[in-house]
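Me: Could you take a close look at one part of the surface of this model, the nonpolar patch, and then place that part within the rest of the chain?

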Amino acid sequence: MGRWLKPDVYPLIAAMSFVTGMCVFQLTRNVFMNPDVRVSKSNRQSAVLDNADEGQRYSQHAFRRFLATQRPEVFPALNRFFSESSSSAGDK
């Protein structure tokens, strides 16, 4: 009886485990924190909830507030490297 799991499959297992973890995190976050999801019976009885503050807190989470303070660059060091080298090359 040979090996049932080949080493070539390990990167695929790692990627699928990571993606599955992200999905579980997002679903759990939505069930417990989303103001539009009503799990308890008392919240389900009201048709329209006036929860603008709760919705604002949900949509403006800490990671989004952090990203709002950052410059919109994918590779800042790479951008600085090429912008500085091209400006100095034009001076010659």
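Reply: The nonpolar patch on the surface is formed by Val31, Phe32, Met33, Val37 and Val39, which together have about 500 Å² of accessible area. This description, like everything that follows, rests on a predicted model. Within the patch, Val39 can be placed in the loop that runs between α1 (10-33) and α2 (41-45), and Val39 counts as exposed because its relative accessibility of 53% lies over the 50% that is asked of an exposed residue.

The patch can also be set beside an annotation from the sequence record. In an unreviewed UniProt entry, residues 12-32 are annotated as "transmembrane region", an assignment that may be inferred rather than shown by experiment. In the model, this span of residues 12-32 is 100% helix and 0% strand, and the C-alpha atoms at its two ends lie 30 Å apart.

A second surface patch, this one negative, is made up of Asp36, Asp50, Asp53 and Glu54. Of these residues, Asp53 belongs to helix α3, which covers residues 52-59. Asp53 has a relative accessible area of 62% and is therefore classed as exposed, since the class of exposed residues begins over 50%.

Charged side chains also appear in a pairing elsewhere in the chain. Side chains of opposite charge can pair when their charged atoms come close. The structure holds 1 salt bridge, and its partners are Glu73 and Arg71, whose closest N and O atoms are 3.6 Å apart, so that the pair falls within the 4 Å limit used for a salt bridge. The two partners fall into separate accessibility classes: Arg71, at 63% relative accessibility, counts as exposed, whereas Glu73, at 25%, counts as partly exposed.

For the setting of these parts, the chain as a whole has 5 helices and 0 strands, and its elements follow the pattern α-α-α-α-α when read along the sequence. Of its 92 residues, 5% count as buried, a class that takes in residues with under 20% relative accessible area. The accessible surface of the chain comes to about 8500 Å², and carbon and sulfur atoms account for 63% of that surface. Against this background, the part you asked about is a nonpolar surface patch of Val31, Phe32, Met33, Val37 and Val39, with Val39 in the loop between α1 and α2.

Terms used
Residues numbered from 1 in each chain as written. Predicted model: local features only at pLDDT ≥ 70, side-chain atom pairs only at ≥ 80, totals over all residues. Heavy atoms only, no water. Patch = residues over 30% accessible without salt bridge, like charges linked within 9 Å, V, L, I, M, F, W, Y side chains within 5 Å. Areas by Shrake-Rupley, 256 points an atom, 1.4 Å probe, with all protein chains shown as cover. Salt bridge = Lys/Arg side-chain N within 4 Å of Asp/Glu carboxyl O. Lys, Arg positive; Asp, Glu negative; His and termini not counted. Charge placed at Lys NZ, Arg CZ, Asp CG, Glu CD. Helix = DSSP H or I, 4+ residues; strand = E, 2+ residues; numbered from the N terminus. Buried < 20%, exposed > 50% of the residue type's maximum accessible area, 1.4 Å probe, protein only.
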